[in-house]
Amino acid sequence: MELSEHIAGMSERKQHTLRRAHEYLMPNRVETWLGAGIPLVIGRREGYRIWDVDGHELLDLHLNGGTYNLGHRHPALLETLRAGLEELDVGNHHFPSEARAALAEQLAQRTPGDLHYSVFTASGTEANDVAIRSARHATGRRKIVTLDAGFHGTAGLAGAAGRDDTARYFHSDYPTEFATVPFDDLGAIEKALAGGDVAAVLLETIPATYGFPIPSPDYLPGVKALCEQHGTLYVADEVQTGLGRTGQLWAVEAYGIEPDILITGKGLSGGLYPVSAVVMTREVGAWLVEKGWGYVSTFGGAELGCLVGARALELCSQPDALANATAMSALLGRGLDALRSRHPFLVGVRRQGLVMGLETDHPMGAVRLSRALYARGVWAMFAGFDLSVLQWKPGLLVDEAYCTDLLERLDAALGDVENEG
Ligand SMILES: Cc1ncc(COP(=O)(O)O)c(C=O)c1O
């Protein structure tokens with residue numbers, strides 16, 4: 001790509017950034033975004049809005065997978081972080097600390113069933129990796145079953161779980177140790193577990209990168225029952241679906257599931273200081289009793305992250321916030337149904353709380369819609385594993401005016417795409 005052609009007319013500041021990013025950082029991504037008509041370089045950010053460095057205002061419907069569930073730079077989280085910076089730093093991961101112990105206690109109290117021990121990591125990927133290791137140690141088995149359209153990160157064992165084409169690209173897949181099954185297919189799970197050699201089934205409760213297809217009501221409880229029958233652990237990856245996004249603190253709660261391991265990340269950081277967590281039952285986390293240094297990470301459980309995480313978890317757990325998610329989901333659901341009846345391009349709406357996917361009538365339709373929305377002032381991203389579906393992910397604290405504005409912009413963008421022919 002001839003970069004200068006694509007960036008002509010942009011401010012000097014933006015051109016300078018794009019040139020350097022293209023040269024030193026992410027050549028393929030820069031070309032892909034410019035080619036897709038989404039030349040975003042994020043500058044100012046506040047609440048559920050972001051501004052391109054050239055001033056283009058966007059409603060943020062991507063939220064970096066829920067990282068900004070509470071909004072960008074939430075005042076209470078900023079206050080917590082600033083206060084922490086007066087006294088603390090990352091801390092020393094070899095020792096207990098007040099901030100780490102407090103967040104671990106809160107997670108044990110706020111997660112379903114008997115989840116008890118936490119291990120903190122910097123990223124969701126590492127949290128999934130620790131979950132897999134823990135499940136293997138607890139069961140003495142190596143095999144992990146995931147969805148073929150699941151996503152749990154791109155590094156280590158997490159990178160080999162779910163769709164593993166990136167792992168294969170880097171010769172980092174483990175085909176004999178990771179098996180995949182299609183979404184919502186209980187028979188396939190039954191078959192995969194029948195050999196009695198599976199350590200864990202690792203599932204996103206509603207698979208994000210696949211476009212948030214909503215599982216049939218009996219699917220996840222059926223998987224859990226099969227896990228119990230075969231001595232296999234149930235691992236819930238709630239990196240995108242947890243922290244109130246579905247109207248309950250954890251999406252598994254809607255299915256009455258008490259997982260053996262739960263993973264949270266993204267929004268736990270408040271978008272301000274990285275922190276993710278694996279929460280395990282006493283049985284699964286028994287290795288913590290005997291092998292204290294079984295997992296070590298300098299930045300896993302950084303004290304500043306734990307302070308922010310505890311505050312974020314508290315805010316996401318508030319009944320008002322959860323009720324708002326349900327109310328705004330219903331309001332948006334009505335609006336989206338109305339748009340669907342008028343726009344043939346929008347063929348379906350997937351929705352559980354504020355976790356939504358918009359189905360379009362074309363295999364690449366979500367890429368087109370994403371571009372049209374960008375021009376209309378909304379940043380919403382297509383689902384990486386199904387480009388016909390647009391991820392539609394409003395934040396936990398959005399209000400009616402914001403949702404109305406959003407629906408108007410979507411209406412206009414759908415019209416734009418339909419007029420393109
Ligand atoms: C469901 C799910 N699990 C795990 C991850 C990995 O998290 P991280 O990017 O923090 O490593 C992601 C990231 O998008 C995700 O969507």
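## Pocket, sheets and core of a predicted model

Strand E4 gives the most to the lining of the second largest pocket, contributing five residues. The model described here is predicted. Helix H6 (98–110), strand E4 (115–121) and helix H12 (287–290) each supply at least two residues of that lining. The second largest pocket holds about 690 Å³ of space. Its lining has 22 residues, and the closest to the pocket centre are His-93, Arg-100, Ser-118, Val-119 and Leu-288.

Two open sheets of four strands are set side by side in the table.

| Strand order | Pairing | Edge strands |
|---|---|---|
| E1-E2-E3-E13 | mixed | E1 (42–46) and E13 (378–379) |
| E11-E12-E15-E14 | antiparallel | E11 (346–352) and E14 (382–383) |

In the sheet with mixed pairing, E1 and E13 each have a single partner strand, so one side of each is left without a neighbour in the sheet. Strand E2 (residues 49–52) pairs with strand E3 (residues 57–60) in the antiparallel sense over three bridges. Trp-51 has Glu-57 in E3 as its bridge partner. Helix H16 (residues 400–420) lies across E2, E3 and E13, and runs at about 110 degrees to E3.

In the sheet with antiparallel pairing, E11 and E14 stand at the edges; each has a single partner strand, so one side of each lacks a neighbour in the sheet. E11 and strand E12 (residues 355–360) are joined in the antiparallel sense over six bridges, and Arg-350 stands opposite Gly-357 in E12.

Helix H15 lies across E12, E14 and strand E15 (386–392), running at about 40 degrees to E15. Nine of the eleven residues of H15 (residues 365–375) are buried, so the helix is largely enclosed by the rest of the structure. The buried residues are Gly-365, Ala-366, Val-367, Arg-368, Leu-369, Ser-370, Ala-372, Leu-373 and Tyr-374. Just after H15, Gly-377 takes a positive phi of about 90 degrees.

Two of the buried H15 residues, Leu-369 and Leu-373, recur in the largest nonpolar core. Of its 83 residues, Tyr-234, Leu-369, Leu-373, Trp-392 and Leu-410 touch the most other members. Leaving out residues up to four places away in sequence, Tyr-234 touches Val-201, Leu-203, Leu-220, Val-223, Lys-224, Cys-227, Val-252, Ile-257, Pro-259, Asp-260 and Ile-261. A second, separate core of 23 residues includes Leu-202, Val-235, Ile-261 and Trp-287.

Terms used
Residues numbered from 1 in each chain as written. Predicted model: local features only at pLDDT ≥ 70, side-chain atom pairs only at ≥ 80, totals over all residues. Heavy atoms only, no water. Buried < 20%, exposed > 50% of the residue type's maximum accessible area, 1.4 Å probe, protein only. Helix = DSSP H or I, 4+ residues; strand = E, 2+ residues; numbered from the N terminus. Core = buried A, V, L, I, M, F, W, Y, C linked by side-chain atoms within 4.5 Å. Contact = heavy atoms within 4.5 Å. Pairing = 2+ DSSP bridges. Axes fitted to C-alpha atoms, helices over the stretch in contact; angles between N-to-C directions. 1 Å grid on protein atoms, 1.4 Å probe; cavity = no way out; pocket = protein on both sides within 12 Å on 5 of 7 lines; lining within 4 Å. Points joined across faces, edges and corners; volume = space filled by probe spheres on them.
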